[in-house]
Amino acid sequence: MGSRVRGRESMKMKLFWFWVVMGVVSWDVVDGSELLHFNGTELPYLEYYGVSQVNNPVMVGLTLITSAGAKGAVCLDGTLPGYHLHRGYGSAANSWLIQLEGGGWCNSVRSCIYRKKTRRGSSTYMEKQLPFTGILSNKAEENPDFFNWNRVKLRYCDGASFAGDSEDKAAQLQFRGQRIWLAAMEDLMSKGMRYAKQALLSGCSAGGLASILHCDEFRDLFLGTTKVKCLSDAGMFLDAADVSGGHTLRNMYSGVVNLQGVKPNLPRVCTNHLDPTSCFFPQNLIASIKTPLFLLNAAYDAWQLQASLAPPSADPHGYWRQCTLNNAKCSQSQVQFLQGFRNQMLNVIRQFASSRQNGLFINSCFAHCQSERQDTWFADDSPTIGNKAIALAVGDWYFDRAAIKAIDCAYPCDKTCHNLVFHE
């Protein structure tokens, strides 16, 4: 078992670094800080989604939202936004799952100009087909509760978690994430979602943040008789101090919010008493969300470790370098720092967790995005808490089969993790 997992992760990371060289994953200088654009959805699709472990995953075509242009609901470069829809059937013909794609953010004119030449800023560069695996799989043995739902992946091409509404005419940049969100929902409602009896808004990473930001808006689309819930996977980005005592992620978020005109689209219950940047952090939003919400997150989130807690700008001598690449190489003092990060996460979700309608699965892994990958969502050796896999925990919570408030013991007790290990 151990050698098989290590072999799988070694191959995964070799592919990761191949794509670094190819320019798909990159470093940017942001407000003087080097940020690694590592996001689950930035890994090569077939490898990231665990497709090597899946027999013939269904490939789903890209649909451009033709009505979006007239509404100004366009990607960074002005092209039409899009989604991938795989129709449900049978008992779930009127059940809808919307998955908001992740992929980081852009917080400066320079980084957004770079982004608009990629699939994260233009539908011109988007894959015309994507494999649907994990929570999007159409096979009951891979996705026991949602396999026959209408399943949608909304592509991410704005760089502000579907929340901005502004433009920079001189740079030919459109910051229209909020309009894309609205145009996509309107289009899907016209294609049958308005008849939904059950609906789940989900998302991974930047899409996980978006599922929190838009959760109550999603609820308001439907009649009161529709069962509506939200799932945020790897979306609990903390307003945490980095290893130098600075605030790398807060500085980045400040740029995103100010550049892309996010403030008017943030919940007023938050902006009434906090600054807009604080209201882009989920910790200041989750307690006031009225719709049932499930938080799926690694307590030692791999992206936050590399890009927020110990980026090169905060670690100029490289003391944290090996630890960020492989958790097994973290020193005792580094592990202690990371336990502090986990404690902060558990503290900020305490009030949220006290609500009966909400759900939690916080596992003590060095991972990022676990719902779209087949090997972490539902497989023979999937991560578990209390012998329950993520797919079963989410399903039990959504269908009210059980209350799910699963919080793992602290690292290194969990032997079921699929930790991300990077090789230089």
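## A walk through the sheet, its disulfides and a pair of helices

The structure holds eight disulfides. Keep in mind as you look around that this is a predicted model. We'll visit three of those links along the way, but let's begin with the sheet, since many of the other pieces can be placed by it.

Ten strands are a lot to keep track of, so it helps to have the order at hand. The 10 strands make an open sheet, and they line up as β6-β3-β4-β7-β5-β10-β11-β12-β13-β16, with mixed pairing. At the edges you'll find β6 (129-132) and β16 (405-407), each of which pairs on one side only. Step from one strand to the next and the twist averages 20°.

Now pick a few neighbours out of that order. Strand β5 (residues 95-100) runs parallel to strand β7 (residues 150-154), and five bridges join the two. If you want a spot to look at, find I98, which stands opposite V152 in β7.

Move along to β10 and β11. These two are also parallel, joined by four bridges, and here L201 stands opposite C230 in β11. On to β11 and β12: again four bridges, and again the strands run parallel. In this pairing, S232 has L295 in β12 as its bridge partner.

How enclosed is β11 by the rest of the structure? Of its seven residues, six are buried, so β11 is largely enclosed. A helix passes over this part of the sheet, too. Helix α5 (residues 206-213) lies across β5, β10 (198-203), β11 (227-233) and β12 (293-298), and its direction is at about 145° to β11. As a general point about strands, when one is regular, its side chains alternate between the two faces of the sheet.

Back to the disulfides. One of them joins C75 to C157, with an S to S distance of 2.1 Å. Which way does this link turn, left-handed or right-handed? The torsion about its S-S bond is about -75°, so the C75 and C157 disulfide is left-handed. This pair links distant parts of the chain: C75 is in the loop between β3 (58-64) and β4 (82-86), while C157 is in the loop between β7 and β8 (166-168), and the two are 82 residues apart. Are these cysteines buried or exposed? With buried meaning under 20% relative accessible area, C75 counts as buried because its relative accessibility is 0%. C157 is buried as well, also with a relative accessible area of 0%.

The next link brings us back to β11. C215 and C230 form a disulfide, and their sulfur atoms are 2.2 Å apart. The torsion here is about 100°, so this disulfide is right-handed. C215 lies in helix α6 (residues 215-219) and C230 in strand β11, so the link ties together parts that are 15 residues apart in sequence. Both C215 and C230 are buried. You've met C230 already: this is the residue that L201 stands opposite.

A third link is formed by C270 and C279, whose sulfur atoms are 2.0 Å apart. With -90° about the S-S bond, the C270 and C279 link is left-handed, and both of its cysteines are buried.

Let's finish with some helices. Two packed helices are described by the angle between their axes and by the distance between those axes. For helix α9 (residues 302-309) and helix α11 (residues 332-348), the angle is about 110° and the axes are 12 Å apart. Angles of 65 to 115 degrees count as roughly perpendicular, and that is therefore how α9 and α11 stand to each other. Where do they meet? Q304, L305 and L309 in α9 meet F337, L338 and F341 in α11. What sort of residues make this contact? Five are nonpolar, one is polar and none is charged.

Just past α9 comes A310, found in the loop between α9 and α10 (321-325). Its relative accessibility is 7%, so A310 counts as buried. Leaving aside neighbours within four places in sequence, A310 is in contact with V243, L305, W320 and T324. One of these, L305, you've just seen among the α9 residues that meet α11. As for C323, this residue is 13 residues from A310 in sequence and 9.3 Å from A310 in space, C-alpha to C-alpha.

Methods. Residues are numbered from 1 along each chain as its sequence is written. This is a predicted model: local features need pLDDT of at least 70, side-chain atom pairs count only at pLDDT 80 or more; totals for chains, interfaces and linings use all residues. Side-chain values use heavy atoms; hydrogens and water are left out. Axes are lines fitted to C-alpha atoms, for helices over the stretch in contact, and angles run from 0 to 180 degrees between N-to-C directions. Angles under 35 degrees count as roughly parallel, over 145 as roughly antiparallel, 65 to 115 as roughly perpendicular and the rest as oblique. Contact means heavy atoms within 4.5 Å. Ala, Val, Leu, Ile, Met, Phe, Trp, Tyr, Cys and Pro count as nonpolar, Asp, Glu, Lys and Arg as charged, and the others, Gly among them, as polar. Two strands pair if DSSP finds at least two bridges between them. A disulfide is a pair of cysteine sulfur atoms within 2.5 Å. Buried means under 20% relative accessible area, exposed over 50%, partly exposed in between (1.4 Å probe, protein chains only).
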